[in-house]
Amino acid sequence: MTLIFDHSYARDLPGTYLRERPDPAPAPRLLALNEALARDLGLDPGDLGRHAAEWFSGAALPPGAEPIALAYAGHQFGGFSAQLGDGRAHLLGEMLTPKGRFDLQLKGSGRTAFSRGGDGKAAVGPMLREYLISEAMAALGVPTTRALAVVATGEEIWRDTGKLPGAVLARVAASHIRVGTFQFFAARGEVDQLRRLTAYTIARHYPDLAADDALGLFDAVADRQIRLIAQWMGLGFLHGVMNTDNMALSGETIDYGPCAFMEAYAPGTVFSSIDRQGRYAYANQPLILGWNLARLAEALLPLIDADQTRAVDLANAQLESIAPAYRVAWLSVMRAKLGLAGADPQDGALADDFLAAIAGADWTLSFRALAAAAEGRDADLLSLVADPGPLTAWLARWQSRLAPDAPAALRRANPAVIPRNHLVEAALSAATEGDLAPFEALLDAVRAPFDPEAGREAFTRPAPKDFGPYVTFCGT
Ligand code: AMP
Ligand code: MG
């Protein structure tokens with residue numbers, strides 16, 4: 001088995017990374033291997049399985065790997081850190097596959113020069129969590145980095161809660177170029193590096209643009225990110241840490257930390273323990289998108305125009321278009337989720353009013369129940385809300401806007417299964433104790449989110465009342 005590696009990032013962008021080696025795992029044991037993804041990448045899963053424990057834990061490097069840790073900066077919860085970087089990750093290289101060029105990165109693979117106070121490690125639970133949620137996102141049709149494998153290292157690591165089994169995640173990504181990567185060089189006034197990074201990013205992700213078209217790059221990234229966040233919002237997905245270092249130029253969802261899916265619809269929903277101000281609350285995500293894109297525009301200013309006053313004017317004009325463009329993208333997501341025919345000027349109000357009518361009800365179940373409602377059976381939907389009055393009135397308006405194939409289209413647009421918080425927690429606790437069966441069952445369920453619920457009702461239900469308010473943690 002050989003992986004075909006290239007190292008264009010290392011080759012084209014000297015000075016933007018450090019050569020670092022993963023820690024050798026003392027007793028690597030494969031916990032999860034993404035056979036479907038392996039096949040997609042032109043790899044034989046059986047062959048890969050024989051090497052995975054060693055290659056994807058740092059115990060041995062796959063032939064051709066040249067590990068590096070990337071430099072980046074970032075705004076974290078609004079405050080700027082001029083130097084973050086891969087503190088617990090190693091980029092092994094870019095795999096050349098039938099589907100294109102993909103970064104292969106180990107996460108949890110040991111300390112680097114960017115580790116600051118951290119141990120460079122990760123625990124089994126959070127790495128399986130990234131595996132599970134990113135697989136769910138991929139199955140839901142959301143651009144995302146993918147998990148290729150999780151390997152237990154055989155090492156114990158220390159966290160607030162005590163000792164935990166360590167693990168490494170092997171992650172496949174379109175790239176690991178972040179808004180924070182641009183900020184790193186902008187903050188240091190390294191305009192030549194910024195120029196090279198821009199040309200590299202354009203060549204890799206937006207090859208139709210001219211190599212020096214910084215404003216074009218900004219627009220293209222904004223376009224992908226707008227559509228990405230609109231998809232998140234449609235699914236009730238909360239990223240949890242939309243720091244600028246966790247926003248990828250490729251337009252993929254990246255860095256699954258304290259992320260989770262909202263159950264009862266409440267715009268202010270927050271899960272992350274450290275997000276006390278609710279900066280990354282559900283309904284704030286589109287605003288943070290605009291804020292993060294403003295940071296990208298700022299970083300690109302020296303390349304947008306030699307005349308900085310003019311550069312600022314150009315960037316501001318683009319930034320002003322973000323909110324309306326987001327509304328258009330969101331409306332297009334909502335039209336699909338509501339099964340509407342074509343477009344009507346009243347659709348925005350129709351969507352807004354649906355959300356108002358389901359406030360407090362389970363987000364996923366409410367949308368899923370629309371398919372039956374379109375077939376004339378609205379009892380399930382109405383049973384989800386405390387006061388069915390507004391929803392009944394809304395259904396009457398909605399009927400006249402339905403596409404002819406609405407029931408089937410609605411079942412394709414609205415998942416029955418999302419990774420339910422209580423099931424994720426149960427699966428990760430069991431896995432930490434050595435039992436992978438619940439993780440595997442949940443993974444199977446989230447990989448077919450739109451399939452009928454019959455026979456797998458346990459995966460569709462919200463958390464039981466005694467589950468309590470859900471809190472997630474990051475940096476684990
Ligand atoms: P995150 O919140 O996971 O996006 O990480 C933010 C920054 O903290 C990145 O620079 C990470 O590399 C770094 N980091 C997170 N966890 C650790 C750890 N256990 N050891 C070292 N660095 C870490
Ligand atoms: Mg991160």
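Me: Which charged residue has its end over the ring of Phe367, and how far is it from the ring centre?
Reply: Happy to start there, with the reminder that this is a predicted model. A lysine end counts as sitting over a ring if its NZ is within 6 Å of the ring centre and within 35 degrees of the ring normal. The residue that does this for Phe367 is Lys337, with its charged end at 4.5 Å.

Me: Which residue has its charged end over the ring of Tyr72?
Reply: Here the charged end lies 4.4 Å from the centre of the Tyr72 ring. The residue it belongs to is Arg178.

Me: Which residues are linked with Phe367 by ring pairs into a cluster?
Reply: The structure holds 16 aromatic pairs. Some ring pairs join Phe367 into a cluster, and its other members are Tyr265, Tyr282, Phe354, Trp363, Trp394 and Trp398.

Me: Are the planes of Tyr265 and Tyr282 stacked or edge-to-face?
Reply: Ring planes under 30 degrees apart count as stacked, and those over 60 as edge-to-face. The centres of Tyr265 and Tyr282 are 6.3 Å apart and their planes stand at 80 degrees, so the pair is edge-to-face.

Me: Why do Tyr265 and Tyr282 count as buried?
Reply: Buried means under 20% relative accessible area. Tyr265 counts as buried because its relative accessibility is 11%. Tyr282 is buried too, because its relative accessible area is 3%.

Me: How many residues apart are Tyr131 and Phe439, which form an aromatic pair?
Reply: The two rings meet edge-to-face, 5.9 Å centre to centre with 70 degrees between the planes. Tyr131 belongs to helix 4 and Phe439 to helix 18, so this pair links distant parts of the chain. Their separation in sequence is 308 residues.

Me: Which helices do the buried residues of helix 11 pack against?
Reply: Helix 11 covers residues 347–357, and its buried residues include Leu350, Ala351, Phe354 and Leu355. Its buried residues pack against helix 10, helix 12, helix 13 and helix 15.

Me: Which residue has a backbone N or O atom 2.7 Å from an oxygen atom of ligand 1?
Reply: There are 17 residues around ligand 1, and among those that come nearest are Gly85, Arg116 and Asp119. The side chain of Arg116 places an N or O atom 3.0 Å from a ligand oxygen, while a polar side-chain atom of Arg88 lies 3.2 Å from a ligand nitrogen. The backbone atom at 2.7 Å belongs to Gly87.

Me: How much of ligand 1 does the protein bury?
Reply: Taken alone, ligand 1 exposes 480 Å². The share of that area buried by the protein is 85%.

Key. Residues numbered from 1 in each chain as written. Chains lettered and ligands numbered in written order. Heavy atoms only, no water. Phe/Tyr/Trp six-rings, centres within 6.5 Å; stacked < 30°, edge-to-face > 60°. Helix = DSSP H or I, 4+ residues; strand = E, 2+ residues; numbered from the N terminus. Buried < 20%, exposed > 50% of the residue type's maximum accessible area, 1.4 Å probe, protein only. Contact = heavy atoms within 4.5 Å. Near = heavy atom within 4 Å. Polar contact = N/O pair within 3.5 Å; in protein donor to acceptor, adjacent residues only side chain to side chain. Areas by Shrake-Rupley, 256 points an atom, 1.4 Å probe, with all protein chains shown as cover.
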